[in-house]
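Grab a viewer and a notebook: here is a small set of exercises to work through at your own pace. Try each task yourself before you read the solution.

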Amino acid sequence: MKKTHRHRPQGKQPSRKKSPASPPAATPPKKRPVFIPKKSTGTAEAAPAPFSKRQPAARQPAAPFPKKSSAPAARNPNASALTGTIHFRQNGNATVIPLRAPNAPASPDDAPLDLFSEDTANALPGDTVEVALTRRRSTRDPNRRMARVIRVLQRASSTAVGTLQLHARHLSVRPDDPRFPRDIAVTLPANIPAEPGDKVVVTLDLANWNSSNRPLRGTVTERLGKTFEPAAELLGLCRKYNLNPAFPEPVRRQAAALPAEVTPADTANRLDCRHLPTITIDPDDAKDFDDALSIEQLPGNLTRVAIHIADVSHYVTPGSPLDIEARARGNSTYLVGAVIPMLPEKLSNGLCSLVEARDRLAKTVFLTFRPDASIAASSIAATVIRSRKRLTYRQAHALLTTDDLARIRALPLPAKHNTGSTGRALSSLSDDELRRLAQTVRALWKIASKLRARRFANGSLDLDMPETRIILDEQGRAARLEKITNDESHQLVEEFMLAANEAVARLTRSKHIPSLYRVHDAPDPERLLELRAGLAAHDIQTGDLSHRPQMTRLLQTIANNPDAHILRTQVLRSLKKACYRATPDGHYGLSKKDYTHFTSPIRRYADLIVHRVLPMTAPPAAPSPSEPCGNLSPLPPATTCRPQSPAAKPVRYAPSELAQLAEHISRTEIASTDAERESVKIKLAEYFELQLAKQPPPTFPAVITDATPRGLFIELTDSLAFGFIPASALPRDAYFLNHNGALTGRRLRNTYAPGQKLAVQIAAVDRARRQLDFRPARA
């Protein structure tokens, strides 16, 4: 179903277009590959969590009582209690992120707190806890504050998903989340046909669990299938993150009552743009298509670009069953190989999707550009459009970069089982059609390239991160990994989506229209000082990073550094996370005063709200009969653009309601991001388990990202997957870390340093803990 907007976040396997978001303020872990979120903007979404950083196992047994800690934390009698959300690591230790009131000023108390495993009491992942500071020292950072849990204020969840196990005559469940601190002793009701090795859902008995010295108990309430089967893994993610692939009956009834195609009544009071040379550009595996582009030359050396966005608001009216459910979901969730949509498939893949050769309703932003790509005029109108061609990024890039029509025709169609629409094969198009398509794409890129250059010149941060797409076979198993390049075809779409979002935000702000905005606050100075100190360890000296020119200079400096990805991840984690807000507070990463999310209403409720509040116009900036329409590729018989009366009146939301909605959909976005990342980890483990069984074992080029006395952390060059080489897998020797941070053998003097390249083979896969072990490739 949906792709994500050309930003970050952020996709389908279904891929999606991602709109720029920003990195989370979290402790910098090693990065792991990102599942491609569709059409991304240059500001990165939250930097990914590490896939395979090896931690000692710390899961506590379910059945005898755990031992009390022999080293209780020393309480600081002068420390006041703080409230925050607890996040566990695989070794049992944890971090608490203090909660801060909305719009509250930055404070030293906002810095994350570290906790040793014995100081986490009976907290579970994601719980809201009250903590007190202690005098203990962090093993990760001596300057980091340490704390202990005083009490749990609110549970994040009353259920867990995991694998049923039998120990002697006792049943327990090992949670799927490797950071869950303990196994669960369970009761298996007679009506649940589960057996050891099955993936199950457990309802936790939290009311009677008030001490970490007692086992955590629960009752099995559902069997999902055999652990590691694709269907069971998908259901497990859905249960864990409260995602529901099915829609309630009232929603299904309302969707079923909608027409299969756009009706003549739907097109009333809309600007008719069906004759414009309109195209979509999306990943191979896009399930739905919510944006399209067209371009036309105007008198006076002007060029008008129309950014057409699916008009979901025409079908999803406020207060309807469709609206209530979409609001609750907040957004679509793009797992590898599956989508949990915000809207039923009839809308998201059908009636609202801007598929090739079908009439579709849109909200269109018309931008008229001068030769230097500055905007001469802009307007927004309710329209009806018809896409001429569904292009993949690969096809668009070929049209942009080569005149060899035979090479263009040879490009394959996307696999049917991976996409919502393949479009016509390029091999079926005439030479004239291919040349007109190339002309359209090149004319769009001519403007987009200037917009991009101006954006970075104005201080927009280049936080683009490499991404990996996991390709599935028809059985839903991971077949191959594909590195995604943010080439000109991606950048083309990205720039026009950014321009449309900015134009809409400027309109709602200047007209004082209550609306939602995509906000990215400036980073806290304390975090930037920490970043500066971390970069110094890599011999990178910076100025005051609170000054934007220094930050942009830093990104340019690290762009070609061998450790560029690691360094960029550190930069990302020093920044705040973008969120939704009812006030136009600007976007730090994009260096824009005005920014919102308008371009993905099929998959984001925030965009749907923005569509509803906009006044629709068809003024001089919109096409009119006196101006040429679609002169790059006219359709016979040529029709004229028909300006008509404005569409339905905009919806007006109370500011207080918008504030509540902004908070809600910011939370659902975070939950979806977590689920998407976990689905990537699951599929990566599945993929490398298949590689492990091959003979001879395949070899992968890799680069060392970090060295420790226990071994080497590596990144695979092609797939961006992360793994670990234990020191025991290296040539036999006594290894030590030298003064340069490299692992060196005392006898053979073999040295393994960060940034060094080597060939590796998969050695072991722990699918339960989502860890990959490699070894140097054998000759």
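The exercises below go from strands to rings, charges and buried residues.

The model is predicted, so local features need pLDDT of at least 70 and side-chain atom pairs count only at pLDDT 80 or more, while totals for chains, interfaces and linings use all residues. Residues are numbered from 1 along each chain as its sequence is written, and side-chain values use heavy atoms, with hydrogens and water left out.

**Exercise 1. Strand partners**

Task: Find which strands pair with β18 and in which sense.

Solution:
- Start with the terms: helices (H or I, at least four residues) and strands (E, at least two) are DSSP runs, numbered from the N terminus. Two strands pair if DSSP finds at least two bridges between them.
- Take β17 (residues 359-369): eleven bridges join this strand to β18, and the two run antiparallel. Leu367 has Ser378 as its bridge partner in β18.
- Look at the connection: β17 and β18 make a hairpin with five residues between them, and Ala373 in the turn has a positive phi of about 75 degrees.
- Now take β11 (residues 271-272), which pairs with β18 (residues 375-386) in the parallel sense over two bridges. Here Leu271 is matched with Thr383.
- Finish with Leu271 itself. Its C-alpha is 6.2 Å from that of Ala382, although 111 residues separate the two in sequence. Leu271 has 2% relative accessibility and therefore counts as buried (buried means under 20% relative accessible area, exposed over 50%, partly exposed in between, with a 1.4 Å probe and protein chains only).

**Exercise 2. Aromatic pairs**

Task: Say how many aromatic pairs the whole structure holds, and describe the pair Phe713 and Phe724.

Solution:
- Fix the criterion: rings of Phe, Tyr and Trp (its six-membered ring) pair if their centres lie within 6.5 Å; planes under 30 degrees apart count as stacked, over 60 as edge-to-face and the rest as tilted.
- Searching the whole structure gives six aromatic pairs.
- Phe713 and Phe724 are 4.9 Å apart centre to centre with 55 degrees between the planes, a tilted pair.
- Place them on the chain: Phe713 belongs to strand β25 (residues 711-716) and Phe724 to strand β26 (residues 722-726), eleven residues apart. Both Phe713 and Phe724 are buried.
- Tyr735 and Tyr752 are tilted too, because their ring centres are 6.3 Å apart and their planes stand at 55 degrees. Tyr735 lies in strand β27 (residues 735-737) and Tyr752 in strand β29 (residues 751-752), 17 residues apart.
- Check burial: Tyr735 is buried at 15% relative accessibility, and Tyr752 is buried at 10%.
- Also mark the aromatic cluster formed by Tyr687, Phe688, Phe700 and Phe774.

**Exercise 3. Charges over rings and helix α3**

Task: Where does the charged end of Arg455 sit, and which ring face does Arg329 lie over?

Solution:
- Use this test: a charge sits over a ring if NZ of Lys or CZ of Arg is within 6 Å of the ring centre and within 35 degrees of the ring normal.
- Arg455 has its charged end over the ring of Phe456, 4.6 Å from the centre.
- Arg329 lies over the face of Phe247, at 3.9 Å from the ring centre.
- Arg329 is also one of the buried residues of helix α3 (residues 321-329), with Leu322, Asp323, Glu325 and Ala326.
- Ask what covers these buried residues: the cover includes α2 (249-257), β16 (338-340), α4 (345-351), α12 (605-613) and α13.
- Just after α3 comes Gly330, with a positive phi near 80 degrees.

**Exercise 4. Two charged residues**

Task: Is Lys683 buried or exposed, and is Glu356 buried or exposed?

Solution:
- Lys683, in helix α13 (residues 655-692), has a relative accessible area of 8%, so Lys683 is buried.
- Its side chain makes a polar contact of 3.3 Å with that of Glu686 (a pair of N or O atoms within 3.5 Å; within protein, one must be able to donate a hydrogen and the other to accept it, and residues adjacent in sequence count only if both atoms are side-chain atoms).
- Among the residues that Lys683 touches, beyond four places away in sequence, are Pro230, Val336 and Ile470 (contact means heavy atoms within 4.5 Å).
- Glu356, in the loop between α4 and β17, is buried at 11% relative accessibility.
- The side chains of Glu356 and Lys389 share a polar contact of 3.3 Å.
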